[in-house]
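Here's a friendly walk through a protein model for someone seeing it for the first time. Have the picture open while you read.

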Amino acid sequence: MNPKQQPSWAGTPEHARVLSELGTLPPLVFAGEVDVLKSRLAAAARGEAFLLQGGDCAETFSAATADRIQARVKTILQMAVVLTYGAQMPVIKMGRMAGQFAKPRSSDVETRGDVTLPAFRGDIVNGYDFTPESRAHNPQRMITAYNTSASTLNLIRAFTQGGFADLRSVHSWNQGFMANPAYHEYEQLAGEIDRAVHFMEACGADFEALKRAEFYAAHEALLLDYERALTRTDSRTGLPYDTSGHFLWIGERTRELDGAHVDFLSKVKNPIGVKLGPTTTGQDAIDLINKLDPEREPGRLTFITRMGAGKIREALPPIVQAVRDTGAQVVWVTDPMHGNTITSKNGYKTRRFEDVLDEVRGFFEVHRSLGTVPGGLHVEMTGDDVAECLGGSDPVVEEQFDSLYETVVDPRLNHAQSLELAFLVAEGLARR
């Protein structure tokens, strides 16, 4: 089996040494945490919880600073407070963090002028600078990815367990967002949340329980060398867990039923996701269920749909209906980012906020019409004030790209756009 989207370093002495070292390192996450997440996702599949999955399209080693990590976690917590109120149910908080270092590419090479070099495949494989030295596939980067993930997870745990996630603090951050007149249309919902928090305080609610938050780490399990090397046998059960992250997903480019990625994730006990694009058929989804979740284990399998705003209302219903009719209970999540990528007039890869929002609307419409559960939202976002996606109530325009466009791969929603999306989804959840 020849895995797709893999580096060219196999068989070198350095590759063998790195894999041996990774195999001896401590797990990044623990099997018990993974099992708790699976139970939370089972609730989402039943319509008793909602999944919020957000973070960078591609993490970089240089951006793994305390300030950047804090901003990302803070934004996800802010979004979660709004969604919790709208859904009136728990929100599972999950970051595309501490492992999202590998990216699939449509071509193995990149050409600029008369120079052709290997394509950038994420910091875990090679560098972004367009030089032969930077673009060489270097297995030692897997060790750097492990160490960066470990420090990121350590900081996330400190933030979410040490009082940073206190509901009252998170709510006050959202009040700062509302101070911008551009977001006045969300004043009613923000005011309702404010009254709810004050009501709990007046009643003497136990805020000790609301000072901490469960926060899970997720990434695409693209680089199989890294994932296999971090797979461990759980001492409690004797079963294999991929300890590189709590939740792992398979991308649209690597979800072949007989492919190496599906085969690998079929053998570990983590909850897993599969990205489904507009060419997916109902039978494709059923075949993936039979391969990845043959025991129909609650919380095991999540389908993350990435259709595009113009296609979701036609492409998604037959897939959902086919799965529904089998009785399988998966978590349905919308990824409104990847199907809506365009190129701006000044040459930047971007997305329109209105297209992102329209795909989310279409996702809810489809599930409402079929009587199925819209279980979550998966977005590429950052806690920083970048300009990469067009639009929003305080609109980003193309002219800002030259100075505020930072992503190395795909455009992300900035802090304000992420919160605006949360308010709009919350309103949809409240109507549900």
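What follows starts with the whole protein and then visits a few individual residues.

**The big picture**

One thing to keep in mind from the start: this is a predicted model. The protein has 14 helices and 14 strands. Its radius of gyration is 21 Å, close to the 22 Å that the globule rule gives for 432 residues, so the protein is as compact as a globular protein of that length. If you follow the C-alpha trace along its principal axes, it spans about 65 × 50 × 45 Å.

How much of the protein is tucked away? Buried residues account for 56% of the 432 residues. On the outside, the protein exposes about 17200 Å², and carbon and sulfur atoms supply 50% of that. As for who touches whom, take the contacts between residues at least 6 apart in sequence: 75% of them join residues at least 24 apart.

Charges come next. The protein has 45 positive and 57 negative charges, and the mean positions of the two groups are 3 Å apart.

**Rings that pair up**

How many aromatic pairs are there? The count comes to 13. One of them joins Phe164 and Trp173, a tilted pair with 5.0 Å from centre to centre and 45° between the planes. Phe164 has a relative accessible area of 17%, so it falls under the 20% limit and counts as buried.

Then there's the pair made by Phe363 and Phe364. Their ring centres are 5.8 Å apart and their planes sit at 85°, which is over 60 degrees, so this pair is edge-to-face. Both partners are out of sight, too: Phe363 is buried, and so is Phe364.

Rings can also link up in a group. Phe177, Tyr183, Tyr186 and Phe423 form a cluster joined by ring pairs.

**Three buried residues**

Let's go inside and look at a threonine in a strand. Thr302 belongs to strand β10, which covers residues 301-305. With a relative accessible area of 0%, Thr302 is buried. Setting aside neighbours within four places in sequence, Thr302 is in contact with Phe247, Ile272, Gly273, Val274, Val331 and Val333.

Another threonine, Thr334, sits in strand β11, residues 331-334. Thr334 is buried as well, at 1% relative accessibility. Without its neighbours within four places in sequence, Thr334 has contacts that include Thr305, Glu359, Val360 and Gly376, along with Leu377 and His378. Phe363 is also in contact with Thr334, and that is the Phe363 of the edge-to-face pair described above.

The third stop is a serine in a helix. Ser418 lies in α14, residues 415-431, and is buried at 0% relative accessibility. Which residues does Ser418 touch, not counting those up to four places away in sequence? They are Thr75, Met79, Met381, Thr382 and Leu413. Gly391 is 27 residues away from Ser418 along the chain, and the C-alpha atoms of the two are separated by 12 Å.

**Out in the loops**

Time to look at some loop residues. Here are three of them side by side.

| Residue | Loop between | Relative accessible area |
|---|---|---|
| Gln88 | α3 (66-87) and β2 (91-96) | 60%, exposed |
| Arg296 | α10 (282-292) and β10 | 36%, partly exposed |
| Pro27 | α1 (13-24) and α2 (31-45) | 30%, partly exposed |

Two of these have a backbone angle worth a look. Most residues other than glycine have a negative phi. Gln88 has a positive phi, near 55°, and is not a glycine. Arg296 likewise has a positive phi near 55° in a residue other than glycine.

Why does Gln88 count as exposed? Its relative accessible area is 60%, and exposed means over 50%, so Gln88 qualifies. Arg296, at 36%, lies between the 20% and 50% limits, so it counts as partly exposed.

Pro27 has a story about distance. Ala150 is 123 residues from Pro27 along the chain, and yet their C-alpha atoms are separated by 9.1 Å.

Methods:
Residues numbered from 1 in each chain as written. Predicted model: local features only at pLDDT ≥ 70, side-chain atom pairs only at ≥ 80, totals over all residues. Heavy atoms only, no water. Helix = DSSP H or I, 4+ residues; strand = E, 2+ residues; numbered from the N terminus. Rg over C-alpha atoms; globule rule 2.2 N^0.38 Å. Buried < 20%, exposed > 50% of the residue type's maximum accessible area, 1.4 Å probe, protein only. Contact = heavy atoms within 4.5 Å. Areas by Shrake-Rupley, 256 points an atom, 1.4 Å probe, with all protein chains shown as cover. Lys, Arg positive; Asp, Glu negative; His and termini not counted. Charge placed at Lys NZ, Arg CZ, Asp CG, Glu CD. Phe/Tyr/Trp six-rings, centres within 6.5 Å; stacked < 30°, edge-to-face > 60°.
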